[in-house]
Amino acid sequence: MSTSPVDSGRVHDAPSTNWVYRALPRALWPYAQLARWDRPIGWQLLMWPCLWSAALAAGTAVNLGSFSPGRFLLHVFLFVAGAIAMRGAGCTYNDLVDHEIDMEVARTRSRPLPSGRVTRAQAKAFMILQALAGFVILLQFNGFTILLGILSLVLVAIYPFAKRFTDWPQLFLGLAFSWGAIMGWSAEFGSLSIAAVILYAAAIAWTIGYDTIYAYQDREDDELIGVRSTARRFGENPRPWLIGLYGLAVLLMFFAFLAAGAGFFAYVGLAIAAVVLAYQILVLDIHDPLQCLALFKFNGTVGLIVFAGLVLALLIRLL
C-alpha cells in the first residue's frame, strides 16, 4: 500500500532524499517544509541576483582601487545566509496568506498548514524567528543597504496577494526576488548606479520567465479556483512571451555589464547562460508538470553560470 505525502510527513513536490529528512527529527520536518529547506532552489534563485550584483560591484571597485577581497567574501556569505533566512520567512508568510488556496491545489495540499501538521500560531512564530535572523544579517551591511532591505518588505508583503488581482503575479515576485540586484551594489558602495538598476530590471525579466514555467504545473487547478498567473495569461503558446522575457533579461544584463565595465569573461558567462535559457524555451512541454519543475530548477544553474563569469572576470583583473 502506498503512503500519501501527508501520512509520510513529506510534501508533494520535494524530494524525499533531501537532507531535511535524514538529519532533522520528524517533529521539525513541518518547519523545514514551511521554510522550504527541503527545496533549496528557492533561496538559490533569491541569492543569485545578490551575488551577481556583489561581483559586478567588486569588479568596478578593482578599477577604482577600493576592492577588498575580505569584504567581498563577507558580502557573499551574508547574502547566502540572508537569502536562506528571508526566503524561509517569505515562504512561511506566503503559506499563511494562501492557507485556504493551498488546500484546493493538488501540489500544495500536503504542505504543513493545509495538512494540519502545524497551526497558524506556530507558523507565525516561526516566521518571526526567521525574519529576526534575516534582520540580524541585514544589520551587518552599511546604512543605505539596511534601508533598501527594509524597503523590500513592502514588495514581499504584496506578492502573495498579487495572484488575486492581476494576471502578472510573477511580476511582483520578480520585483521582490530581484531586489538583491541593487543590494549587492549598495553593499559595496553605499549608493546605487545605473548598472545596478539595469541589472535589477534584467533579474525581474528572468524571474517572470522561470516562474511562468513553474506556474504551468498548477494551471488547471488555478483555473478551477480562480487564481491568476502568467501561465494562464500566456495560455497554450508561452514561447513568444518566454523568448521576449529571457531575451530582455540577457540584453539588460549585457547593458548592465557594459555600464559597470565588466571584464571579458562576464560576457562569456552571459553568452553561455543565454544558450541555456534558449534550451529551456526549445524543449518546454507545458503539459508535463515534472519537466516544468525540472526546467524551473535548471535556472539555478543559469544563476551560477552568470556569477561564475563575473567572478572569473574579477579574478583576471586582480592578476
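In which hand does α12 pass α15? In this predicted model, the crossing of α12 past α15 is left-handed. Helix α12 spans residues 194-215 and helix α15 spans residues 239-260; their axes come within 8 Å and cross at roughly 160 degrees. An angle over 145 degrees counts as roughly antiparallel, and α12 and α15 are therefore roughly antiparallel to each other. Sorted by residue class, the contact of α12 with α15 comprises 22 nonpolar and two polar residues, with no charged residues.

Helix α12 also has a second partner to consider, namely α17 (residues 289-297). Here the axes lie 8 Å apart and the packing angle is about 160 degrees, which makes α12 roughly antiparallel to α17. The hand of this crossing is left-handed, as α12 passes α17. On the α12 side, the contact is made by Tyr 210, Asp 211, Ile 213 and Tyr 214, which meet Cys 292, Leu 293, Leu 295 and Phe 296 of α17. Seven residues of this contact are nonpolar, none is polar and one is charged. By the class assignment, in which Asp counts as charged, the charged member is Asp 211 of α12.

A further helix pair is formed by α9 (residues 143-165) and α11 (residues 180-189), with axes that come within 8 Å and cross at roughly 165 degrees. With the limit for roughly antiparallel set at over 145 degrees, α9 and α11 are therefore roughly antiparallel to each other. Their crossing is left-handed. In this contact, Phe 144, Thr 145, Leu 148 and Gly 149 of α9 meet Ile 182, Met 183, Ser 186 and Ala 187 of α11. The residues involved divide into five nonpolar and three polar, and no charged residue takes part.

Moving from helix pairs to single residues, Arg 36 sits in the loop that links α3 (29-34) to α4 (41-64). The phi angle of Arg 36 is near 65 degrees, a positive value in a residue other than glycine. Arg 36 has a relative accessible area of 5%; because buried means under 20%, Arg 36 is classed as buried. Beyond its neighbours within four places in sequence, Arg 36 is in contact with Arg 87, Cys 91, Asp 95 and Arg 111. One of these partners, Cys 91, is itself buried, at 14% relative accessibility.

Cys 91 leads on to the sulfur chemistry. A disulfide is a covalent bond between the sulfur atoms of two cysteines. The structure holds zero disulfides. Cys 50 takes part in none, and its nearest cysteine sulfur, that of Cys 91, is 15 Å away. Seen from the other side, the sulfur of Cys 91 has its closest cysteine sulfur in Cys 50, and the 15 Å between them is too far for a bond, because a disulfide requires sulfur atoms within 2.5 Å. Cys 50 is buried, with a relative accessible area of 8%.

Finally, Gln 44 offers a contrast in accessibility. This residue lies in helix α4 and is partly exposed, with a relative accessible area of 24%. The C-alpha atom of Gln 44 is separated by 18 Å from that of Ala 131, a residue 87 places away along the chain.

Notes
Residues numbered from 1 in each chain as written. Predicted model: local features only at pLDDT ≥ 70, side-chain atom pairs only at ≥ 80, totals over all residues. Heavy atoms only, no water. Helix = DSSP H or I, 4+ residues; strand = E, 2+ residues; numbered from the N terminus. Buried < 20%, exposed > 50% of the residue type's maximum accessible area, 1.4 Å probe, protein only. Contact = heavy atoms within 4.5 Å. Axes fitted to C-alpha atoms, helices over the stretch in contact; angles between N-to-C directions. Parallel < 35°, antiparallel > 145°, perpendicular 65-115°, else oblique. Left-handed = near helix turned anticlockwise from the far one by under 90°.
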